[in-house]
Amino acid sequence: MDRNDTYFEGCGKEGPINCIFLAEFHPVAGPKITCQVPDDYISKDTFEAVSVYIIPKAQLQRCTLTITAFDLKILGYPIKIDNKKYKRNAFYFNLCFVFDAWSRTVHYEPLVKKLSEYLTGMEVETGFLSQQDEASNQQDPSNRLRLINMLNIVLQDLNKQRMCTLSEGSMTTHLKVVRVCHDPTPVLDHHVPIFVEPLDFFQTEQWDLTTQQVLPFIDGINHVAKIAVEADVEANLVKACLQNLEYYGVVRMIPIFQYSNVYVPTSKLHRLTINKRLQDDCLRIVARSGRQIPSIRDVFRLYSNMAHGTTVRDLCIRFDPVALRVDEKRLVQFGVLEGLIRRVHKYPVMLSDDGSSTSLQHFTGLSSLDEICCSTGISKKQIEDQVEKDPNVIFLWK
Amino acid sequence: MEANPISVFFVKSDSKGDRLLFRYPYVSDSRTEQNQQNRKKNPYALSVAEDLLLSPPPQSFNIEKGQLIGFTDEVLSTLFAVKQELCDNKFELKVNDVRFVGHPTLLQTSNRSKFNPDSKQSNPSILLIHIVFALQAVASHSIVKCYYDLSKRLGVALRHEERRCGYVTQEMKTMIAAHDEVAAREEENEGKTNEENISPFDLILEQCSLARDLKSAYDDLCSNGLVKLRINRWIELSFCLTQKVNQSLTQKVYKGFMIEPEAIECLENLRPYHGLLLLVDQNLLLASFPPDASPALTRLVSMYSPLKNLQTLSADADLTLAQVFNLAGHLVYWGNAMIIYPICESNIYTLSADAPTHVNSPLVEKFSEHFVGECLLQMMSEFSLPVSIRQKSSPLNPAQYETQLAHIIVWMLQHRLLTQLHTYVYFMPSEKGLGPAANSHQLQETPSATVVTRREGSLQSTPDENGLMPHVASESDLSSIVSDDLSGLTPQSQMNNWLNETVWRDDYLTDFTEEEKSAILKIPASSNPEDLKLLVHLIQQGYFQGQHHLEEIMYLENVRRSQLLQLLDKFRDVLVTCETEDPALSIFYSHPYA
């Protein structure tokens with residue numbers, strides 16, 4: 001790896017499309033590049049070395065194929081059109097995007113597929129692709145020019161605006177690069193959704209009706225089950241909506257806020273002391289009122305005094321956040337969202353199973369106290385009392 | 001599991017064409033394909049005559065129930081028999097949701113005429129062999145790189161064996177013969193009921209050692225990620241899928257918890273005060289070393305103790321520190337060890353955030369087998385609140401209790417159930433946050449601004465000194481008590497003491513701004529020169545910016561813990577402490593919250 005440090009294979013960055021080419025199986029010459037923009041990006045030798053992956057066997061038609069070779073990544077979607085009018089009774093072609101080898105390309109796959117299918121449509125209707133050669137041989141080079149023009153538009157628009165609209169004759173298609181994210185974790189009843197960005201950053205109208213019904217109840221305090229009741233939407237629908245919102249990075253899930261919660265600082269807390277922007281954000285958000293900004297030392301002291309065994313209530317008694325001009329709820333929210341602190345959950349665990357009580361079935365160590373409270377509707381206090389009485393059940397904090 | 005291989009293939013390509021000689025695991029592909037054909041025909045589907053886009057339903061997945069589907073051996077062999085230009089380079093092909101990785105290796109078939117002169121084939125021919133692993137497409141880049149490396153190593157080993165004794169040619173002949181035999185048998189059986197449909201791969205597995213090696217590699221990769229082969233009973237090949245190795249012990253099911261090899265290769269944050277914790281039994285580990293293992297490694301492991309830090313280990317094993325660091329990295333890479341802070345009485349442990357708390361977790365049973373009469377969950381609840389060995393021990397406990405406890409802690413650390421908490425110190429004299437040392441840290445970003453403030457500070461210090469004097473004088477009683485110690489250090493007379501004090505104070509605090517100075521001087525302990533000196537020294541060394549935990553400061557500055565704790569207590573108004581885990585060791589834990 002003697003290349004630039006920032007660009008290496010596996011860096012996870014997205015690179016631009018370097019080249020788009022159309023390859024076809026010529027009845028006489030075999031696999032060849034019909035047309036590419038920019039010209040001569042893929043040399044003849046390179047193409048020949050990888051042609052078996054560009055025009056593959058029949059079994060691999062309509063598969064997204066990505067081959068990495070010669071520091072290039074070639075992404076294609078081979079297509080075969082059966083028709084008696086072709087010389088070999090079939091027309092094989094493949095529209096390929098070329099990237100640097102370090103670039104991530106998964107998000108271009110649906111795009112290549114869509115564009116290929118668009119071209120297939122054109123080919124079936126007018127023979128747009130198969131007549132490239134003949135047209136250039138004869139007096140009318142318009143087909144070829146049109147294709148080059150089209151590929152140029154795709155290349156430039158996708159690299160610049162990450163979307164592109166093509167219309168040729170009666171057919172129009174829209175292409176858009178959509179980033180691929182990990183699936184968000186399942187949303188549970190006791191989770192609390194919170195907006196990551198201010199509400200006015202996105203238009204409410206763009207979401208579906210159920211989401212619109214749910215949105216007003218997301219305030220960083222209500223948990224999912226409560227939102228479901230208040231919005232009068234079925235709980236599973238709410239979860240699906242929230243999961244969708246989480247996927248698009250609009251909301252995040254945090255644990256429910258209670259004064260009996262325990263939080264501990266993570267090693268990321270250090271960032272708060274050196275990152276000026278984080279400091280400013282933090283102070284702005286945790287302030288009780290916009291006019292009185294708390295001092296960073298007080299905020300930091302509050303965070304760093306969170307420890308195992310110290311509940312938020314203890315912290316409030318010891319430091320009096322009102323006097324420090326700090327809103328403890330927002331303090332915790334900000335800390336959790338930025339990863340400066342993390343919640344220490346409490347897990348009731350039953351040591352030996354004698355099946356004496358029904359509510360004990362939840363004490364398997366898999367569900368935290370929040371979860372149990374939420375699903376059974378029993379208050380935290382009640383469960384704690386019950387555990388206190390039973391020597392068989394212990395609490396684990398983690 | 002994205003680190004698991006789906007399949008392994010062995011393909012050859014020579015003058016007689018390309019052929020897939022072996023694959024593992026092999027299933028009768030035809031059956032699954034038939035099923036697919038059946039599934040496609042939905043009796044209720046409307047058949048649209050001109051719907052060309054939909055006529056062959058595109059297949060967008062090739063993995064079903066962890067097995068590769070939809071590729072015949074012929075297709076695969078044409079894909080893997082790469083052109084000469086691509087040889088001896090990384091081969092990476094992604095088809096739908098499968099990623100094929102390999103290293104096509106060119107080798108010259110050995111010139112056998114030397115050994116048996118009656119052989120007709122005397123001129124060597126070029127042969128391409130390719131061992132390909134099929135992975136899930138989502139596998140991370142580092143996993144792909146590891147598999148590529150394995151394929152390359154296999155290729156190199158085979159190339160050597162071919163040159164040495166024509167091993168590959170021989171194995172290939174057996175494989176081709178097996179394929180032909182089965183094909184011939186099938187032809188014979190045609191028309192009859194095929195009650196005994198034997199796969200050629202069964203036969204190959206019986207006859208070829210290379211096929212068996214590939215199978216065992218595949219099985220090992222799936223089970224624990226450690227591959228140890230002896231190709232042709234000659235070439236030793238060992239390989240470790242780091243992402244996988246560390247999972248087998250902890251039995252964690254968290255998705256995405258893997259230790260990346262890159263993270264281990266750059267154990268940048270390793271310090272001499274860190275210690276090793278072996279994850280396997282010391283004697284078992286020693287026994288598992290190959291005969292040609294480095295003697296340094298053997299020495300290190302035999303000297304090992306979780307109580308020693310790397311520096312002590314290097315002294316005990318008579319190795320340089322750099323060597324010990326490398327060996328430690330090696331042990332971590334192979335999943336034999338992890339890095340900890342050496343176990344001692346004052347270490348504070350707590351339950352790690354990813355510890356499995358399930359009642360029926362397999363660790364519970366494992367623990368009770370190991371420590372008779374102890375219950376893991378009970379033990380875990382004792383560590384629910386951070387606790388040190390010292391706090392847990394009391395004179396009432398039986399004598400062997402502490403050693404037992406240490407063993408339990410070692411076990412729990414090995415299984416990543418415990419995390420150690422360290423105390424970090426931040427010097428925050430003013431409301432603005434970190435003190436002068438932090439400013440100098442920011443110096444790189446805005447050099448001019450901070451330099452000016454510094455200078456301003458030192459200029460102002462002269463006039464303000466007078467203002468400070470009464471404050472100092474009020475504490476002179478206290479300082480006079482201290483001055484006995486001082487007299488030993490400075491040869492000045494008691495008379496000059498008062499003057500003297502302002503001098504040393506000023507001396508120590510010249511680099512501080514006025515605000516910081518006054519904040520420090522407000523604290524009664526600042527009148528003690530020893531304390532102030534230590535504080536100023538530690539601040540100036542940059543230890544109080546939250547990047548050094550107490551143990552590190554102790555190690556680097558050669559101070560005692562009690563000394564530091566007293567200092568923290570005395571100057572608690574300007575020092576903020578915070579307990580977190582050591583970020584240098586965080587690679588050993590998954591962070592579900594992050």
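**Chains A and B: a predicted model in questions and answers**

In this predicted model, UniProt (unreviewed entry) places the feature "domain: GATOR1 complex protein NPRL3 C-terminal HTH" at residues 513–576 of chain B.

Biologist: What percentage of residues 513–576 of chain B is helix?

Modeller: These residues carry the UniProt feature "domain: GATOR1 complex protein NPRL3 C-terminal HTH", taken from an unreviewed entry. The end C-alpha atoms of the stretch are 19 Å apart, and strand accounts for 11% of the chain there. The helix content over residues 513–576 of chain B is 59%.

Biologist: Against which elements do the buried residues of α23(B) pack?

Modeller: Helix α23 covers residues 550–557 of chain B, and its buried residues are Leu550(B), Glu551(B), Glu552(B), Ile553(B) and Met554(B). Just after α23(B), Asn558(B) takes a positive phi of about 55°. The packing partners of the buried residues are, in chain B, β15 (418–427), α22 (529–540), β16 (545–549) and α24 (561–570).

Biologist: How large is the area buried between chain A and chain B?

Modeller: The size of an interface is often given as the accessible area lost when the parts come together. Here 57 residues of chain A are in contact with 67 residues of chain B. Carbon and sulfur atoms give 60% of the buried area, which is about 5,300 Å².

Biologist: Which residues of chain A lose the most area to chain B?

Modeller: The area buried between chain A and chain B is about 5,300 Å². On the side of chain A, three residues together account for 12% of what that side buries. They are Gln59(A), Arg297(A) and Lys398(A).

Biologist: Which element gives the largest share of the side of chain A that touches chain B?

Modeller: The rule finds 13 residue pairs in polar contact across the interface of chain A and chain B. Elements giving two or more residues to the side of chain A include α1 (44–54), α2 (109–126), α10 (296–304) and β14 (393–397) of chain A. The largest share, 7 residues, comes from α1(A).

Biologist: Which residue of chain A forms a salt bridge with Lys94(B)?

Modeller: The count between chain A and chain B is 1 salt bridge, and its closest N and O atoms are 2.3 Å apart. The pair crosses from strand β5 (residues 91–95) of chain B to helix α2 of chain A. Lys94(B) is buried at 7% relative accessibility, and its partner is buried at 12%. That partner is Glu109(A).

Biologist: How many residues apart are Lys44(A) and Glu48(A)?

Modeller: Over all chains the count comes to 31 salt bridges, one of which joins Lys44(A) and Glu48(A) with closest N and O atoms 3.3 Å apart. Lys44(A) is exposed, because its relative accessible area of 63% lies over 50%. Glu48(A), at 40%, counts as partly exposed. Both residues lie in helix α1 of chain A, about one turn of the helix from each other, and the separation is 4 residues.

Biologist: How far apart in sequence are the parts that the pair of Arg288(A) and Glu328(A) ties together?

Modeller: Arg288(A) and Glu328(A) form a salt bridge whose closest N and O atoms are 3.1 Å apart. Arg288(A) is partly exposed at 39% relative accessible area, whereas Glu328(A) is buried at 11%. Arg288(A) lies in the loop between α9 (276–286) and α10 of chain A, and Glu328(A) lies in helix α12 (residues 328–338), so the parts tied together are separated in sequence by 40 residues.

Biologist: Which residues are joined into one network by salt bridges that share partners?

Modeller: Salt bridges that share partners form this network. The residues joined are Lys90(B), Glu92(B) and Arg99(B).

Biologist: How many disulfides are there over all chains?

Modeller: A disulfide requires two cysteine sulfur atoms within 2.5 Å. Cys316(A), which is buried at 17% relative accessible area, has the sulfur of Cys282(A) as its nearest cysteine sulfur, 15 Å away. Cys373(A) is likewise buried, at 16%, and its sulfur is too far for a bond because the closest cysteine sulfur, in Cys374(A), is 8.1 Å away. Over all chains, the number of disulfides is 0.

Terms used:
Residues numbered from 1 in each chain as written. Chains lettered and ligands numbered in written order. Predicted model: local features only at pLDDT ≥ 70, side-chain atom pairs only at ≥ 80, totals over all residues. Heavy atoms only, no water. UniProt positions renumbered as here; feature names shortened; annotations may be inferred. Buried < 20%, exposed > 50% of the residue type's maximum accessible area, 1.4 Å probe, protein only. Contact = heavy atoms within 4.5 Å. Buried area = accessible area lost by both parts, 1.4 Å probe. Salt bridge = Lys/Arg side-chain N within 4 Å of Asp/Glu carboxyl O. Polar contact = N/O pair within 3.5 Å; in protein donor to acceptor, adjacent residues only side chain to side chain.
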